[in-house]
Amino acid sequence: MADPLGALAVPTEPQKTTEPEDDPLVQHGGGGSAATASQQPPAAPLTSSAPGSSPSSAVLPLAVPAQLPAARAAAFQAVLASEVVDMQRLRALAFDGIPDNERGLRPVVWRLLLGLLPPERAQWERVLRRRRAEYAQFCEELILDPKHLAHTPANLEAAPGSHPNPLLSHSSGASSSSAANSDDGVLGGHSGGGGGAPGASESAAGALARLALSHDDHPLSTSSSSRWKAYFQDVEVQEQIERDVARTHPDMHFFSGASGAAATHRAHLRRALFVFAKLNPGLRYVQGMNELYAPLYWLYRTDPCDPPGVEAAEADAFFCFCDLMSEFRDHFCQQLDNSTVGIRATLARLSGAVRAADEELWEHLERAQRINAQFYAFRWITLALTQEFSFPDAMRLWDSLLSDPAGRTDCLLRLCTAMLLHVRQQLLEGDFASNMKLLQNYPPTDVSLILQRAEALKRMKSVIVLD
């Protein structure tokens, strides 16, 4: 069988160009993302078949083009070209920002920072092939298609009162691949074994058996073991995901609009978030997760230097999203809200950080005006600042967020504290209403200033600890 990934190679100059209106990095100025996005891939309908596989040769960007400053280019090139990537050095480089005009660099760096790629370059091809096939099998096993349930009419999806599965309404157009045995688990403890990828025959090894159901299992069954009941429960989750995905970055043609490409991108988001919900039944899907998955998917789907990565963007973004959620998931779990690891505890940590950095500002907000952090920072923290800044600025903040050796939560809290200090004077002069409006609609800001303040807070914290 032909290798779906091929050999790793130094990227060549991409042949495709991006329409300016579809690329947020063209729409916005400084502080933006690293790579100029490629033209949106052609629309393809979404099914449960092989979203993470591709017959093309894999091309991962290892070289740094000459347009970068020589010293910085040499630094990134040396790190990524090593047989074993020095992750400490890579984090230090990425923390200061991945160069805006460097095509293909941010996608490979983020794959490393989020654990999709191991430091050993020789393993990249095997790992990507395995994980993409693993995701393909998740889709095959976890997405119930009513047409495959026994004793159902062929035109079920068009029947009156039926609930068509929105995840099966389009096809990804990707080819199938076989899943390799993997010891790598997905968040929630579900690991992908061997077997057929979506689109493989029902008899493929490891594929979910489509067993004939008893006459008692029908669309109106209330039995806990009914697959029809499980299907309708899945539909409820899918409908919630569909509503949120439809509102994802409405200002970006990549996600919004009636174009076939945008529809395909939304369908990929829906499917990936649903698979995550199925693999994590204790957490499932919670509003806002779409905002954390979207930047990852956009980054890999618009990489001009890695055509196979574009085709496998849904799968790659899924595993990176799982790694991100491994640290942030407690913020989405309602049962943990009042625990020491829930969102209220994190908000309390933010309040403490503000008090340590600026007692006067803390007194003014929390005691004089009783503006608790949960009134404005709940969205800041749960959505990792994706809604407070322009898309390219958020990508730059994530460079630091994902690479901070102190941890992503600590970095996020420093960034939030820096945001408050940046508008300190307005807050001290404002009343309750004006301050709430300011904090819930944070003003356009040069993110480099926020990052500088956050770095100063990090140094100040180190001094306090040492003292």
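Two residues count as being in contact here when their heavy atoms come within 4.5 Å. With that in hand, take Trp380. Leaving out residues up to four places away in sequence, Trp380 touches Leu385, Glu388, Leu412, Cys416, Met419, Leu420, Leu439 and Tyr442. Keep in mind that this is a predicted model.

**The big picture**

Let's step back for a moment. The protein has 467 residues, and 54% of them are buried. Its secondary structure comes to 18 helices and 2 strands. How do the contacts run along the sequence? If you take contacts between residues at least 6 apart in sequence, 74% of them join residues at least 24 apart. As for the outside, the protein exposes about 19,700 Å², and carbon and sulfur atoms supply 52% of that.

**The core**

The largest nonpolar core holds 106 residues, and Val109, Trp110, Phe318 and Trp380 are the ones that touch the most other members. Helix H10, residues 313-328, gives this core its largest share, with 11 residues.

**Two helices to look at**

Find helix H5, residues 124-142, in the structure. This helix has 19 residues, so at 1.5 Å a residue you'd expect a span of 27 Å, and the end C-alpha atoms are indeed 27 Å apart. If you try that sum yourself, remember to multiply 1.5 Å by one less than the number of residues. Is H5 buried or exposed? Of its 19 residues, 16 are buried, so H5 is largely enclosed by the rest of the structure.

Now try H14. Its 13 residues should span 18 Å at 1.5 Å a residue, and the end C-alpha atoms sit 19 Å apart, which agrees. H14 is mostly covered, with 13 of its 13 residues buried. Ser400 lies in this helix. With a relative accessible area of 1%, Ser400 falls under the 20% cut-off, so it counts as buried. What does Ser400 touch? Not counting residues up to four places away in sequence, its contacts are Ala94, Phe95, Cys411 and Leu451. Phe95 has another partner too: Lys458 lies over the face of its ring, at 5.2 Å from the ring centre. There's a similar arrangement elsewhere, where Arg111 lies over the face of Tyr300, at 4.2 Å from the ring centre.

**Rings that pair up**

The count of aromatic pairs comes to 13. One of them is Tyr135 with Phe318: the ring centres are 4.9 Å apart and the planes meet at 45°, so the pair is tilted. This pair links distant parts of the chain, with Tyr135 in helix H5 and Phe318 in helix H10, 183 residues apart. Phe389 and Tyr442 form another tilted pair, with 5.9 Å from centre to centre and 55° between the planes. They also join distant parts of the chain, 53 residues apart: Phe389 is in the loop between helix H13 (377-382) and helix H14 (391-403), and Tyr442 is in the loop between helix H17 (432-440) and helix H18 (447-466).

How covered are these four ring residues? Here are their values.

| Residue | Relative accessible area | Status |
|---|---|---|
| Tyr135 | 0% | buried |
| Phe318 | 0% | buried |
| Phe389 | 9% | buried |
| Tyr442 | 7% | buried |

Rings can also gather in a group: Phe254, Phe255, Phe276, Tyr293, Tyr297 and Phe321 form one aromatic cluster.

**More about Tyr442**

Which residues does Tyr442 contact? Setting aside neighbours within four places in sequence, they are Trp380, Glu388, Phe389, Met419, His422, Val423 and Ile450. So we're back at Trp380, where we started. Glu388 is worth a look as well: its C-alpha atom and that of Tyr442 are separated by 6.0 Å, although the two residues are 54 apart along the chain.

**Two backbone oddities**

Most residues other than glycine have a negative phi. Arg370, however, has a positive phi, near 55°. Ala384 has a positive phi too, near 50°. Where do they sit? Arg370 lies in the loop between helix H12 (359-368) and H13, while Ala384 is in the loop between H13 and H14. Their surroundings contrast: Arg370 is exposed, with a relative accessible area of 64%, whereas Ala384 is buried, at 3%.

Methods
Residues numbered from 1 in each chain as written. Predicted model: local features only at pLDDT ≥ 70, side-chain atom pairs only at ≥ 80, totals over all residues. Heavy atoms only, no water. Core = buried A, V, L, I, M, F, W, Y, C linked by side-chain atoms within 4.5 Å. Buried < 20%, exposed > 50% of the residue type's maximum accessible area, 1.4 Å probe, protein only. Helix = DSSP H or I, 4+ residues; strand = E, 2+ residues; numbered from the N terminus. Phe/Tyr/Trp six-rings, centres within 6.5 Å; stacked < 30°, edge-to-face > 60°. Lys NZ or Arg CZ within 6 Å of the ring centre and 35° of its normal. Areas by Shrake-Rupley, 256 points an atom, 1.4 Å probe, with all protein chains shown as cover.
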